[in-house]
Amino acid sequence: MWNVHSRFLARTVWVRNGEVDLAYRALNRVLNNEEVFKTARLWERYEKPFRKRGRLCYEKAHEIYNNEMERKIKFLMRKNRANPWPWN
Amino acid sequence: MLNHLFSRFVPLSISTIQQSLRTLSFTSIQYKRSHTDIREGTVREVNLHPENIQTPLSIDVDKYYGGSGQVRETDFEKLIGDTNNPEVPQMKYEDLPIVHMKCTRNNTIVDVSDCTGQQIFRTSCGVVGFHNAKKGTTTAAQAVGIHMGNNLSRRNMKHVRVVVKGTGPGRLMAIKGLQLAGIDIVTITDNTSIPTLHVGLQRPKKMRRV
């Protein structure tokens, strides 16, 4: 019995008050977070090893750049504070 | 000679065998690589055998909804139906019919089955009257949804659960078409096939170069 219905345990979302849009958007959000569509698109066509290597290098470099940029922005935002000498 | 070596201590990995053969010492110091995997941080670091664990959803859907969002095992016995209408009895969630939607890049196929999985009815964009490239559009998907909805309401199946498969333009619009025809959609599940690496995996076609 559970074999038939096990696919309704994962990746399912209730629809409340007939709001199908909201439910669909919630589901899509979860799936994007888990990178389901990305993997499905990758496996549509075979990705040769040389392309795969290039893609992984690019992704790692992209991640490093994004993290460092976030750090920099966080640091610079500390300039946004109250003026310690308002009478000047 | 080698038997004698191995009877003394059992090496845990290939590196320990190499070391033991190189040094030929019987001190039986076992080197365990406990800190990191040798491939970490390199280009060749690829998880060849990802685990097929059914984890809970990464985003708390309940918080997103402000109530119960995700389906749990206890919900299978939930009764669904019109509380006002006393003639039609309320059905359990696990006895509801299932609408499968296969949404590919060029077409959307919709198919209804009962709770056990036996097929009842089936439509696609071609049945509704679209041809060739126009089948892979959102308007065609909506038309399919409406067609299916009309057929369902004719057979008195007002409450339905939906299973969506694949990425394509008809993913949302087919569900909307169903709703327009007056069907009550209870849950939406996603069943896109994610191929996992294993021994008998069929290699997909080569890339299209246009």
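1. Let's start with the order of elements in chain A: along the sequence it follows the pattern α-β-α-α-α. That gives 4 helices and 1 strand. Please keep in mind as you read on that this is a predicted model. Of the 88 residues in chain A, 23% are buried. The accessible surface of chain A is about 7,100 Å², and carbon and sulfur atoms contribute 53% of it.

2. Chain B has 6 helices and 7 strands. From its N terminus, the elements run α-α-α-β-β-β-β-β-α-α-β-α-β. Chain B counts 210 residues, and buried ones make up 30% of them. Its accessible surface comes to about 13,900 Å², with 52% belonging to carbon and sulfur atoms. If you look at the contacts in chain B with a separation of 6 or more, 52% of them come from residues 24 or more positions apart.

3. The sheet is a good place to look next. It is open and is formed by 6 strands, in the order β1(A)-β7(B)-β6(B)-β3(B)-β4(B)-β5(B), with mixed pairing. Which strands sit at the edges? They are β1 of chain A, residues 12-14, and β5 of chain B, residues 119-124, each of which pairs on one side only. On average, and ignoring direction, neighbouring strands of this sheet are turned by 20° against each other.

4. At the chain A edge, you will find β1(A) joined by 3 bridges to β7 of chain B (residues 184-190), and the two strands run antiparallel. Within this pairing, V13(A) stands opposite I188(B) of β7(B). Helix α2 of chain A, residues 20-33, lies across β1 of chain A and β7 of chain B, running at about 10° to β7(B). I would view this helix together with the two strands it lies across.

5. Just past that strand there is a residue I'd point out: T192(B) belongs to the segment after β7 of chain B. Is T192(B) buried or exposed? With a relative accessible area of 4%, T192(B) is buried, because the cut-off for burial is under 20%. Neighbours within four places in sequence aside, T192(B) touches R11(A) and V36(A) from chain A, as well as V164(B), K165(B), G166(B), T167(B) and R171(B) from chain B. Its contacts therefore include residues of both chains, taking contact as heavy atoms within 4.5 Å.

6. At the other edge, strand β4 of chain B (residues 108-113) is joined to β5(B) by 5 bridges, and these strands run antiparallel too. V110(B) stands opposite T123(B), which is in β5(B). The hairpin of β4(B) and β5(B) has 5 residues between the strands, and in it G117(B) takes a positive phi near 120°.

7. Finally, a helix pair in chain B. Helix α5 (residues 138-154) and helix α6 (residues 170-180) of chain B pack at an angle of about 35°, their axes 7 Å apart. The crossing of α5(B) and α6(B) is right-handed. On the α5(B) side the contact is made by T138(B), A141(B), Q142(B), G145(B), I146(B), M148(B), G149(B) and L152(B). From α6(B) come G170(B), M173(B), A174(B), G177(B), L178(B) and L180(B). How do the residues of this contact divide into nonpolar, polar and charged? There are 8 nonpolar and 6 polar residues, and no charged ones.

How values were computed
Residues numbered from 1 in each chain as written. Chains lettered and ligands numbered in written order. Predicted model: local features only at pLDDT ≥ 70, side-chain atom pairs only at ≥ 80, totals over all residues. Heavy atoms only, no water. Axes fitted to C-alpha atoms, helices over the stretch in contact; angles between N-to-C directions. Left-handed = near helix turned anticlockwise from the far one by under 90°. Nonpolar A, V, L, I, M, F, W, Y, C, P; charged D, E, K, R; others polar. Buried < 20%, exposed > 50% of the residue type's maximum accessible area, 1.4 Å probe, protein only. Areas by Shrake-Rupley, 256 points an atom, 1.4 Å probe, with all protein chains shown as cover. Pairing = 2+ DSSP bridges.
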